[in-house]
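Colleague: I am new to this structure and would like a close look at a single part of it. Please take me through that part in one connected answer.

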Amino acid sequence: MRAIQTALAAGLALSLAAAPAAAQTIIDPEASLSEPEQPEAEALLPPIDDVPLVDDGRAGRLDELFAELKRTPDARRADNLADAIWAQWHRSGSASIDLMMKWSNEAAGKRRYAMALDFLDQVVIRAPDFAEGWNRRATLHFTMNNYAKSMNDIHKVLALEPRHFGALTGMATILERTGNKAAALEAWQRALEVYPAMRSAQEAVIRLSDDLAGEPA
């Protein structure tokens, strides 16, 4: 624990100087199923968050980006706007929360899922209004094939940010994989209402509409 506290202190100093780059966190409908890693006996947990979340006025910027995302018919422009929205979503306003998110991402990349989950558990406890913490944990649960837990976290994301197209695509993917095509179609349509130029959603709506039309009433 002393070592991890030292690492957190060092990481905080660096993150205050430059915010860490964050990758998009979205459930891939084409992702193959994988066997979940066995829980580790003892995962490292960081100390108490000592940097409070701050309101940096990003809500107004997000409203502007979403308004333009809904208007634009150009797929490339829409992708750039979506990237800008992801960048806003990843700004927690807390250096230590950002650091735990970074550690979780690194652990998940090494398939150390139990450790990644421990960090994300701490994120959602310490920053319950940070939607991307819940979304990251939903994605990790999906990777571990824990669909029910993933859906629970997705509902939390959407309660905080109803426009979260990443969470909506995750919901649609889980519903389709579990055989609920009608609900999956509705979730994809909700994603298109927010992000009309999303190609994966457009293709999914066509595919599921055709599938459902061909099924007996």
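Modeller: A residue is called buried here when its relative accessible area is under 20%, exposed when that area is over 50%, and partly exposed in between. Keep in mind that this is a predicted model. By that cut-off Trp89 and Phe165 are both buried, and Trp86 is buried as well. The part to look at is the aromatic group around these residues.

Start with Trp86 and Phe165. Their rings form an edge-to-face pair, with 5.8 Å from centre to centre and 85 degrees between the planes. Trp86 belongs to helix α3 and Phe165 to helix α8, so this pair ties together parts that are 79 residues apart in sequence. Phe165 also pairs with Trp89: the ring centres are 5.0 Å apart and the planes stand at 45 degrees, so this pair is tilted. Here too distant parts of the chain are linked, since Trp89 is in helix α3 and Phe165 is in helix α8, 76 residues apart.

These three residues are part of one aromatic cluster, which also includes Phe66 and Tyr195. In the whole model the count of aromatic pairs comes to 8.

Phe66 leads to the next element, helix α2, where it is one of the buried residues together with Arg58, Leu62, Leu65 and Leu69. These buried residues cover an arc of only 100 degrees around the axis, which puts them on the same side of α2. What does that side pack against? The buried residues of α2 pack against α3 (75–89), α8 (165–177) and α9 (181–194). Two of these helices, α3 and α8, hold the Trp86 and Phe165 pair described above.

The length of α2 can be checked too. Helix α2 runs over residues 58–71, and at 1.5 Å a residue its 14 residues should span 20 Å; the end C-alpha atoms are 20 Å apart, which agrees.

For contrast, turn to two loop residues outside this group. Arg111 sits in the loop between α4 (95–109) and α5 (113–126). Its phi is positive, about 65 degrees, although Arg111 is not a glycine. With 40% relative accessibility, Arg111 counts as partly exposed. Asn145 is in the loop between α6 (131–143) and α7 (147–160). Asn145 has a positive phi near 65 degrees and is likewise a residue other than glycine. The relative accessible area of Asn145 is 30%, so Asn145 is partly exposed.

Key: Residues are numbered from 1 along each chain as its sequence is written. This is a predicted model: local features need pLDDT of at least 70, side-chain atom pairs count only at pLDDT 80 or more; totals for chains, interfaces and linings use all residues. Side-chain values use heavy atoms; hydrogens and water are left out. Helices (H or I, at least four residues) and strands (E, at least two) are DSSP runs, numbered from the N terminus. Buried means under 20% relative accessible area, exposed over 50%, partly exposed in between (1.4 Å probe, protein chains only). The expected span of a helix is 1.5 Å times one less than its number of residues. The arc is that of the directions from the helix axis to the C-beta atoms. Contact means heavy atoms within 4.5 Å. Rings of Phe, Tyr and Trp (its six-membered ring) pair if their centres lie within 6.5 Å; planes under 30 degrees apart count as stacked, over 60 as edge-to-face and the rest as tilted.
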